[in-house]
Amino acid sequence: MKKIALFVDVQNIYYTCREAYQRQFNYRKLWQQVSGEGEIVSAFAYAIHRGDDGQLKFQDAMRHIGFELKLKPFIQRSDGSAKGDWDVGITIDVLETAPGVDCVILLSGDGDFALLLSKIRQKYAVEAEVYGVPALTAKSLMEAASRFHPIDESLLL
């Protein structure tokens, strides 16, 4: 059975689904779809922790589905901008996990991950699949993936 590792860039998926469809992503549906393709041996969701009720409910729901949550505090800069980027954390976890699985699935539209996917495909000969909102996913990321899954109606709440 194919061993699968799942990595979710929660902020990216939240904002791209909201922008493109004004809807939320259905993580339970994703889990069912992916587990039909093999065994999910690890699943990480990377999010920013603001501590509000809606977010705590979301985190509980994600844990209930089977995701391990990795949270980092929301940082408001003095100029009013916010910091909350998980790119380096996701990259490290993907690099550590890839040698032990057959397939890495990344949920993000962020082109910064294209290099990472190319690297793990070459170095570990793993499949690297991407789920993203087509209009808001970097072309470089789609090209670096062995398979691109467009997020559409079927994966929305």
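Visitor: What percentage of the 157 residues in the protein chain do buried residues make up?

Guide: Keep in mind that this is a predicted model. To count as buried, a residue has to show under 20% relative accessible area. Out of the 157 residues in the protein chain, the share of buried residues is 45%.

Visitor: How do the elements of the protein chain run from the N terminus on?

Guide: You've got six helices and eight strands to place. Read from the N terminus, the order is β-α-α-β-α-β-β-β-α-β-α-β-α-β.

Visitor: And what is the radius of gyration of the protein chain?

Guide: Start with the globule rule, which gives 15 Å for 157 residues. The chain's own value is close to that, so the protein chain is as compact as a globular protein of that length. As for the box its C-alpha atoms fill, that's roughly 45 × 30 × 30 Å along the principal axes. The radius of gyration itself is 15 Å.

Visitor: What share of the contacts with a separation of 6 or more comes from residues 24 or more positions apart?

Guide: Contact here means heavy atoms within 4.5 Å. Take the contacts in the protein chain with a separation of 6 or more, and the part from residues 24 or more positions apart is 70%.

Visitor: Which residues have the most contacts inside the largest nonpolar core?

Guide: That core has 27 residues. Strands E1 (3-9), E2 (39-49) and E6 (103-107) each supply at least two of its residues, and so do helices H1 (10-21), H2 (27-35) and H3 (53-65). There's also a second, separate core of 23 residues, with Phe-7, Trp-86, Ile-120 and Ala-145 among them. Back in the largest core, the residues with the most contacts are Leu-6, Phe-25, Tyr-27, Leu-30, Phe-67, Leu-107 and Ile-151.

Visitor: Which residues does Phe-25 touch, not counting those up to four places away in sequence?

Guide: Phe-25 is one of the residues with the most contacts inside the largest core. Leaving out residues up to four places away in sequence, Phe-25 touches Ile-13, Cys-17, Leu-30, Leu-107, Ile-151, Leu-155, Leu-156 and Leu-157.

Visitor: Why does Asp-85 count as partly exposed?

Guide: Asp-85 sits in the loop between strand E5 (82-83) and helix H4 (87-97). Buried would need under 20% and exposed over 50%. Asp-85 counts as partly exposed because its relative accessibility is 39%.

Visitor: Which backbone nitrogen does the side chain of Asp-85 reach?

Guide: Not counting residues up to four places away in sequence, Asp-85 touches Ile-48 and Lys-72. Its side chain also makes a polar contact at 2.7 Å, and the backbone nitrogen there belongs to Asp-87.

Conventions:
Residues numbered from 1 in each chain as written. Predicted model: local features only at pLDDT ≥ 70, side-chain atom pairs only at ≥ 80, totals over all residues. Heavy atoms only, no water. Core = buried A, V, L, I, M, F, W, Y, C linked by side-chain atoms within 4.5 Å. Buried < 20%, exposed > 50% of the residue type's maximum accessible area, 1.4 Å probe, protein only. Helix = DSSP H or I, 4+ residues; strand = E, 2+ residues; numbered from the N terminus. Polar contact = N/O pair within 3.5 Å; in protein donor to acceptor, adjacent residues only side chain to side chain. Rg over C-alpha atoms; globule rule 2.2 N^0.38 Å.
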